[in-house]
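Trainee: Could you take me through one part of this model at close range? I would like to look at the largest pocket and then at a few residues elsewhere in the chain.

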Amino acid sequence: MQRCFPSHSRAALLLCGAALLAGMPAAASAQQAPVAAGQRTFPANAERGTLKILSRTQGELNGKAVRLAPGLRIFNQQNALVFAHTLAGEPLTVNYVMEASTGRLLTAWLLTPAEAKSKARKGSAPAPQPATAL
């Protein structure tokens, strides 16, 4: 019974290990969404609104009471997850997705000033139009 690898097999294993380690950073970066100022993409069913977190289970969306889903995810302007309780009481401009089966708030993205100025989503109130002189 042979307990050692022949020298050519050992070299092949070292090369395979080095190749795997070299490929890991590329694979890890491929999983992260590219985030540049104003270039985040939102789901097609995302809507625009103003969110205020009131408690662990309650919020206010566009002035109406809304229940928060147990798996609520809130992403900040850098696309990092934030805890809902850290945002309690603040009015926030967000894009959001409601859970279809329960009608609870499932996901929200805090918008940057540039994103907030961009074209509003279908769920938001229309932007006020400037008055025209007659």
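Trainee: Before we zoom in, what percentage of the 134 residues in the chain is buried?

Mentor: Happy to help, and please keep in mind that this is a predicted model. Buried residues account for 23% of the 134 residues in the chain. The chain has 2 helices and 6 strands, and along the sequence they follow the pattern α-β-β-β-β-β-β-α.

Now for the close look you asked for. The largest pocket has a volume of about 250 Å³. It is lined by 13 residues, and those closest to its centre are Arg-56, Ala-69, Pro-70, Leu-72 and Ala-84. Two elements each give two or more residues to this lining: strand 3, covering 64–75, and strand 4, covering 81–82. Strand 3 gives the most, with 6 residues. As for chemical character, the lining divides into 9 nonpolar residues, 1 polar residue and 3 charged ones.

One of the residues closest to the pocket centre, Ala-69, also leads us to another part of the chain. Its C-alpha atom is separated by 7.6 Å from that of Glu-99, although the two residues are 30 apart along the chain. Glu-99 sits in the loop between strand 5 and strand 6. With a relative accessibility of 25%, Glu-99 counts as partly exposed, because the buried class is kept for values under 20%.

A second loop residue makes a good companion to Glu-99. Ala-88 lies in the loop between strand 4 and strand 5, and its relative accessible area of 42% makes Ala-88 partly exposed as well. In sequence, Ala-88 and Gly-59 are 29 residues apart, while their C-alpha atoms are 8.8 Å apart in space.

Finally, have a look at Arg-48, which belongs to strand 1, residues 47–53. Arg-48 is buried and yet has no salt bridge. The nearest side chain of opposite charge is that of Glu-115, 7.3 Å away, whereas a salt bridge needs the charged atoms within 4 Å. What Arg-48 does have is backbone oxygens around its side chain: that of Glu-115 lies 3.3 Å from a polar atom of the Arg-48 side chain, and that of Ser-118 lies 3.5 Å from a polar atom of the same side chain. When you go through the model on screen, then, look at the backbone of Glu-115 as well as its side chain: the backbone oxygen is at 3.3 Å from a polar atom of the Arg-48 side chain, and the side chain is 7.3 Å away.

How values were computed
Residues are numbered from 1 along each chain as its sequence is written. This is a predicted model: local features need pLDDT of at least 70, side-chain atom pairs count only at pLDDT 80 or more; totals for chains, interfaces and linings use all residues. Side-chain values use heavy atoms; hydrogens and water are left out. On a 1 Å grid over the protein atoms alone, a cavity is a set of points where a 1.4 Å probe fits but cannot get out, and a pocket is an open set with protein on both sides within 12 Å along at least five of seven lines; lining residues have an atom within 4 Å of a point. Grid points are joined across faces, edges and corners, and a volume is the space filled by probe spheres set on the points. Helices (H or I, at least four residues) and strands (E, at least two) are DSSP runs, numbered from the N terminus. Ala, Val, Leu, Ile, Met, Phe, Trp, Tyr, Cys and Pro count as nonpolar, Asp, Glu, Lys and Arg as charged, and the others, Gly among them, as polar. Buried means under 20% relative accessible area, exposed over 50%, partly exposed in between (1.4 Å probe, protein chains only). Lys and Arg count as positive and Asp and Glu as negative; His and the chain ends are not counted. A polar contact is a pair of N or O atoms within 3.5 Å; within protein, one must be able to donate a hydrogen and the other to accept it, and residues adjacent in sequence count only if both atoms are side-chain atoms.
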